[in-house]
Each structure stands twice: as C-alpha cells, then as structure tokens.
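Me: I would like to learn how to read domains and chain layout from a model. Could we work through one case?

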Amino acid sequence: MREGAARRPRSHRGRPFSAAGAWALRLGLFVFCAFPLYWMVVSSLKVSHELLAAPPTLVPHEWDLRAYRKLFLETNFWTYFQNTVIVAVITTVIVIVAGVIGAYALTRYAFPGRTLVARLTLLAYMFPPIIMLVPLFLLAREFGLTNSLLGLALTYISFALPYALWILRAFFQSIPIELEHAALVDGANRAQALAYVVMPLALPGIIATAIFTFIVAWNDFLFALVLIGKDDLKTLAIGINDFFHMAVVDWGLIMAAGVMVTIPALVFFIAVQRYLIAGWGAGGLKG
Amino acid sequence: MWRRRREALIGMGLLLPSAALVLAFTLFPVGYNVWLGFYAKHSLRATSAWVGLDNYAQILVDPDFWRSVWLATVYAVASTALQIVAGVAGALILHRRFPGCDFLRGVALFPYMIPTIIAVFVWRWLMNDLYGVIPYALGALAIPGMPEAWLTHSTIMWVLVVLSVWTFFPFVLVNVLARLQTIPPELYDAARVDGASPVGQFFNVTLPQLRNVLLIVLLLRGIWMFTKFDVPWLLGFGGGAGEAIRTLPVFTYQRSFTYYQAGMGAALSNVMLALLLMAVTLYFVAFPPEADENDA
C-alpha cells in the first residue's frame with residue numbers, strides 16, 4: 001500500500017476550479033438565495049415615494065417604520081399571528097402524540113398487516129392537499145367546523161399525520177433494537193427501556209418531525225382560504241393575502257408583514273438547526 | 001405462541017390512535033371524494049344528484065381542462081428539472097467545508113422555510129411591472145427582445161417557474177447533500193488513479209452514487225409541482241395574466257369554489273389522484289423497494 005493515499009485531504013474532486021472560481025460560485029448561491037429576502041427587508045423600511053422610485057435604491061436613503069406602525073395599528077396582523085400559532089400548536093401536539101406511539105408500534109411489534117400499513121403511510125405522505133380539498137370542505141361544513149380554528153387544525157392532520165408517521169418510522173428504525181434487548185436483559189421492563197433507552201435516542205427525530213409538522217400548518221394557504229371566512233379567525237396566510245385586495249396595494253405594508261412572519265421562523269430555525277439536520281437524513285421534508 | 005399473540009395485540013393497540021386518525025381524516029375523505037365524483041353537487045347548497053360518469057365525460061371534452069393539464073405539465077417539468085439542476089449544483093458548492101460553510105448552508109435552506117405566501121408576494125414585488133427591481137436591472141442590460149414587463153400573459157409562466165425553483169430547490173439540495181457526504185472518498189481516489197478529470201469523476205462516480213436519491217427526489221418533486229395550488233394561484237389569482245398559469249389544481253379550485261361545482265371539483269381531484277397512483281406504481285415497478293429491514 002502506498003503511504004498517504006488514505007489520508008490525503010478530502011479533496012474529493014481534485015481541483016475542478018480555482019479558489020476564486022469556487023468563491024464566485026458560493027457568492028452566486030448566496031445572492032440567489034438571500035437577495036429576495038434582503039429586498040423584502042429594505043422595501044419594508046423605505047418611505048412611500050422612495051419605494052416607488054426609479055431607479056430603485058439598493059440601500060434606503062431615508063429609513064422609515066411607517067409600514068410597521070400601520071401593520072400593528074391598522075390591521076389585524078396580531079390576531080392573525082395568534083390564530084396561526086394556536087392552529088399550528090394544536091396540529092403539532094395531536095400529530096406528534098399519535099405519531100410517536102404509532103411509529104413505535106410499527107417498528108417494534110410484529111403484527112399482521114404491518115407492512116401494508118407502512119406502505120399506505122408512504123402513499124399518504126405523497127398525497128397533495130389539493131386532492132382532499134372538496135371532501136374536507138364538505139365534511140367540515142357537515143360537522144360545523146368551518147370558521148373554527150379546531151376544524152382547521154383537524155384538516156391539517158389529514159396530511160401532516162401520515163407524513164409524521166413516515167418520518168418517525170424511519171427514525172425509530174435507525175435505533176438498533178439490540179439496545180432495547182440489552183436493557184431488558186439487564187432487568188429493565190419495557191416502559192423503562194422505552195423511557196431511558198429509546199426516547200433519548202429518538203428525541204432529535206421527534207423534535208425535527210414536530211418542527212416540520214409545525215411548518216406544514218404554519219404555511220398552509222389552501223385550507224385556511226376555504227374554511228375560514230371571519231376576519232378574527234384568519235391565519236397569517238389568508239390575512240396577508242387580504243392586504244393584496246385593499247383599494248391601493250401597499251407594498252411596504254406587505255413586505256413588513258413578510259418580515260414579521262419571517263423573523264420568528266428565522267429565530268426558530270437557527271435555534272433548532274441541529275435537530276433539522278437530523279431530520280434531513282430521514283427524508284423529512286414536504287411541500 | 002401466546003407471547004407472540006400478546007405482542008401483536010399490544011402493537012395493534014398502540015397503532016390504533018394514529019390508524020384511527022389516518023382512517024378518519026385521510027382515507028375516508030379520499031374515498032368520499034371518489035363517491036362525490038359521481039354526483040352533480042353544489043358546494044354550498046344541499047342539492048345533489050347522481051350523474052354517474054357525466055362529470056368525467058364533461059371533463060374529457062372540456063378544452064379548458066386539457067389546457068390546465070398542459071400548463072401543469074409544463075410547470076411541473078420545467079420547475080422540477082431546474083430545481084434538480086440548482087439543487088445538485090448547490091449541494092456540490094456546499095459539499096466541501098470552507099470558512100462560512102455552515103452560514104451559507106443555512107441561507108441556502110431559508111427559501112424553503114419561509115411561508116409560500118411571503119415567497120410569492122416578494123417575487124411579485126421583485127418582478128412588479130412598474131417598480132420591480134429585476135425588470136429594472138434587466139432593462140439596464142438592454143438586451144434586444146427582452147420583455148419590459150414580466151407579469152404578463154406571455155411571460156408569467158417564466159416568473160412562476162423561477163420563483164418555484166427559488167422556493168423549492170433547497171429540498172433537492174438537502175437530500176443530495178446528505179447523500180454526497182456518504183460517498184466513500186476511496187471511489188474518487190480510484191477514479192483519479194485511473195486518470196479521470198474532475199468532470200469525468202462527476203459523471204463516473206458522483207452521478208451513479210446519486211442515482212437513487214435523484215430518482216426519489218424526481219418522483220416527489222414531480223408529483224408535488226404538478227399538484228401545486230398556492231404558488232400559481234397567489235401569483236395570478238386565476239384571472240388576468242393568471243389565466244396563463246391556470247394549472248390543473250387552480251382549475252380544480254375554481255370549479256369547486258368559483259363555480260361551486262363540488263362534484264366536478266371532486267372528479268378533477270380524482271383525475272389527479274389517478275395520475276398520482278399511476279406515477280407511484282410505475283416508479284415501484286421500475287425501481288422495486290428493498291425488503292423491509294424490520295420484517296420478521
């Protein structure tokens with residue numbers, strides 16, 4: 001064996017491009033991803049006449065919080081925000097409790113039809129929400145669940161739960177069953193093995209799944225559009241959509257709303273990035 | 001024997017809550033939808049009448065339906081292909097570590113994390129016919145034949161595709177990056193010893209290793225782009241220039257909630273469901289899944 005071959009630095013692809021070229025590509029990726037977000041922020045901070053100026057200014061000459069004052073004082077933004085949090089929390093709690101128990105059963109107990117259930121879950125994971133638009137709307141009307149935050153949360157279960165089951169099943173499968181056997185041999189009972197061996201290992205996966213479920217509910221536009229008509233029950237997606245139908249479209253206001261919705265998502269995202277990376281390995285994205 | 005039966009009962013008992021919820025909220029509505037497709041039903045009033053296959057017969061001769069299928073296909077094919085190109089390129093850029101690598105990985109994922117409605121409205125503003133910064137910048141380049149306004153009938157599909165690639169390419173990036181990290185470096189060493197150029201290494205080592213993940217990503221993104229409602233709807237609101245991006249999901253929504261033809265809307269959803277099942281079946285025939293590792 002030739003020395004050095006195995007410990008060569010991880011230059012997987014030789015030198016495909018010079019260092020400058022690599023940095024140019026990185027910069028290109030950065031601008032492509034970040035510029036629209038930058039533009040949203042600066043547009044929300046410009047005074048009205050500068051917002052519509054030609055040529056557009058890359059950095060505002062005059063900074064102004066007018067759009068934010070209007071957002072909080074003249075619109076129901078705060079109500080929409082609270083409603084969205086309520087719906088997303090209800091959805092996430094139900095989905096995670098049922099999903100964790102169900103995924104554990106699917107990976108740790110042998111019973112007839114288990115493979116079939118797993119396959120159906122995969123299929124349901126692929127279901128696009130639009131397929132369930134008409135039946136869920138008619139059923140919600142039938143049961144008096146239109147104009148209800150609970151009704152909205154229940155419709156999100158229809159696509160969030162199969163999705164959570166599918167990801168959680170992958171997480172539980174990746175935890176070696178031998179660890180549990182070892183705990184049982186050492187005299188632990190099944191509940192103790194679950195609490196002290198499986199759960200700590202599964203926790204990153206459960207948190208990642210909870211985040212994805214929360215995002216599914218947080219981002220939905222379709223079901224809120226057809227199920228919620230009352231202004232004080234609207235979620236952010238349809239509330240912000242209404243800004244577009246005002247007599248004069250106030251782009252500053254819409255961009256300010258965008259910033260205010262994005263900041264919590266950004267903070268949340270940075271706080272839990274570690275867990276999200278765990279989730280990506282298991283194919284935990286949808287939409 | 002007794003122990004195994006007890007195991008099975010506990011397992012089924014634990015599965016019961018989620019199985020009941022999936023049955024009630026996912027499978028039952030899908031079944032109900034199949035049944036609704038045979039009815040002429042108003043979305044708000046209680047009137048409904050059995051019409052057999054009439055809805056489907058009407059769909060098949062409706063030029064607007066075929067147009068929406070065509071537009072959805074164009075949208076799905078163009079946006080999925082570009083997402084995969086952008087996602088693989090992004091993953092290759094972020095694969096090797098460099099100063100600021102983690103920061104850029106976070107930034108690259110962000111378009112996927114912000115709500116769809118914000119993504120669409122930011123792009124409507126970026127591309128605004130009067131005040132948009134991108135049309136202004138493109139106009140400054142003075143390329144002959146470049147349109148002055150982009151949210152028009154003839155160009156709005158391009159905006160829809162670019163905006164969708166921006167929003168959804170991180171999905172491809174994440175999945176490809178996760179797979180890239182697991183390719184053994186020895187494969188590249190071997191290829192280098194054989195004298196493969198960087199481009200040759202990409203096609204002979206990287207791409208074959210990425211084959212499975214790319215096939216899954218292609219299936220999922222293809223299905224989800226074909227059935228995407230909110231992005232085309234919010235970009236065009238179904239009317240005006242939006243007519244040029246009235247894809248099958250938008251058409252389905254309008255049948256159900258603009259014309260209140262719930263039965264017709266259900267039938268259109270069933271067409272999408274049938275296409276989805278066909279795609280999944282074809283996929284699993286072409287690429288049979290490996291045996292379930294936990295099955296006894």
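The turns below take domains, then the contact between them, then the layout of chain B.

Reply: Keep in mind that this is a predicted model.

Me: What does the domain assignment of chain A give?

Reply: Start with the bounds. In chain A, domain 1 covers 19–64 and domain 2 covers 74–281. Taken over C-alpha atoms, the centres of these two domains of chain A are 33 Å apart.

Me: How many residues does each domain of chain A bring to the contact?

Reply: A contact is read from both sides. Domain 1 of chain A supplies seven residues and domain 2 of chain A supplies six.

Me: Which elements give two or more residues to the side of domain 1 that touches domain 2 in chain A?

Reply: They are α1 (19–44) and α2 (48–51) of chain A. The top contributor on this side is α1(A), with four residues. Sorted by class, this side of domain 1 of chain A has three nonpolar residues, three polar and one charged.

Me: How many helices and strands are in chain B?

Reply: Count the elements, then read their order. Chain B has 12 helices and two strands. Along the sequence the pattern of chain B is α-β-β-α-α-α-α-α-α-α-α-α-α-α.

Me: What box do the C-alpha atoms of chain B fill?

Reply: Along the principal axes, the box is roughly 75 × 70 × 30 Å. Of the 296 residues in chain B, 43% are buried.

Me: What share of contacts in chain B joins residues at least 24 apart?

Reply: The share is taken among contacts between residues at least 6 apart in sequence, and for chain B it is 68%.

Methods:
Residues are numbered from 1 along each chain as its sequence is written. Chains are lettered from A and ligands numbered from 1 in the order in which they are written. This is a predicted model: local features need pLDDT of at least 70, side-chain atom pairs count only at pLDDT 80 or more; totals for chains, interfaces and linings use all residues. Domain bounds come from an automatic or database domain assignment. Two residues are in contact if their C-beta atoms, placed from the backbone, lie within 7 Å. Ala, Val, Leu, Ile, Met, Phe, Trp, Tyr, Cys and Pro count as nonpolar, Asp, Glu, Lys and Arg as charged, and the others, Gly among them, as polar. A residue is buried if 20 or more other C-beta atoms lie within 10 Å of its own, exposed if 12 or fewer, and partly exposed in between; C-beta atoms are placed from the backbone.
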